[in-house]
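Please open the structure in your viewer and keep the selection panel at hand. The tour goes from one selection to the next and says at each stop what is there.

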Amino acid sequence: MTGDDEAHLRMDPPQIYVERTLAIIKPDAVKHAEEIEDIILNSGFTILQKRRVHLTPEQASEFYVEHYGKLFFPSLVAYMSSGPVIALALARENAISHWRMLVGPTSVTEAKETHPDSLRALYGTDQQRNGLHGSDSYTSAEWEVRFFFPDSIVEPIAVGQAARDYLARSVNPTLLKGLTQLCKKKPDDPVVWLADWLLENNPNKPRVKDTFVEEPK
Ligand code: GDP
Ligand code: MG
């Protein structure tokens, strides 16, 4: 085996980037929401958050502000505020492009011709009432997830080596000690015992209690 081969074998596995994206089940497709959510889950997405909301025309205009001034803008706003929609924050690796692929082309006619298995081909009606929305870039995904879920944390999730480093540094040393003690004690409820042990032995807990030492009189 050459040095090059060995270097190849020692290479880290490729990094996988977990992304978030925003999906909307538009008003005309809400009646198929259960089926669509099943497809979402079966396609490897996690549903992080979900809301059913009836957008006001002002909210729909703000969401689609990039299309302001286009001929179809007023009718798009009227359509998106015509009934409840379901907004979903989805996560998986490369979520943004995977979700756009699953949703299919904007035009339902085109979707039916070129991507007959896409969600728009299955649940859309026409160019406007196309059933589903998907963020088109990392920047718009962040903005759109925040639009519907202002409290969500959109910092990247630690994955791969970063996650292993984080756990190795901040959790594993304490957890291993706790698990060792747990195996010695074998308590009736090991989970509660471990939880108590971790609280008691949390290295981030202040070591010194506030005590007042009286000055000698
Ligand atoms: P998307 O990213 O695939 O959703 O497509 P766009 O960002 O270009 O358009 C946003 C939404 O506006 C689409 O999903 C449709 O609901 C609607 N839309 C786009 N193009 C047209 C059009 O030519 N006519 C009408 N009536 N609606 C359109
Ligand atoms: Mg778009």
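A polar contact, as the term is used on this tour, is a pair of N or O atoms within 3.5 Å. Bear in mind throughout that the model is predicted.

Begin by selecting ligand 1 together with Asn130, where a polar side-chain atom of the residue lies 2.9 Å from an oxygen atom of the ligand. Add Arg120 next, since an N or O atom in the side chain of Arg120 is 3.0 Å from an oxygen atom of ligand 1; then add Gln127, whose side chain places an N or O atom 3.3 Å from an oxygen atom of ligand 1. On its own, ligand 1 has 540 Å² of accessible area, and the protein covers 79% of it.

Now widen the selection to the residues that surround ligand 1, among them Lys26, Tyr64, His67, Phe72, Leu76, Arg100, Thr106 and Gln128. If you display pockets, look for ligand 1 in the largest pocket.

From there, move to strand β1, residues 18-25. Is this strand largely enclosed or not, and why? Six of its eight residues are buried, that is, under 20% relative accessible area, so the rest of the structure largely encloses β1.

Keep β1 selected and add strand β3, residues 85-93, which pairs with β1 in the antiparallel sense over eight bridges; within this pairing, Ile25 has Ile86 of β3 as its bridge partner. Finally, add strand β4, residues 132-134, which runs antiparallel to β1 and is joined to it by three bridges, with Gly134 of β4 standing opposite Ala23.

Terms used:
Residues numbered from 1 in each chain as written. Chains lettered and ligands numbered in written order. Predicted model: local features only at pLDDT ≥ 70, side-chain atom pairs only at ≥ 80, totals over all residues. Heavy atoms only, no water. Buried < 20%, exposed > 50% of the residue type's maximum accessible area, 1.4 Å probe, protein only. Helix = DSSP H or I, 4+ residues; strand = E, 2+ residues; numbered from the N terminus. Pairing = 2+ DSSP bridges. Near = heavy atom within 4 Å. Polar contact = N/O pair within 3.5 Å; in protein donor to acceptor, adjacent residues only side chain to side chain. Areas by Shrake-Rupley, 256 points an atom, 1.4 Å probe, with all protein chains shown as cover. 1 Å grid on protein atoms, 1.4 Å probe; cavity = no way out; pocket = protein on both sides within 12 Å on 5 of 7 lines; lining within 4 Å. Sits in = over half its atoms within 2 Å of the grid points.
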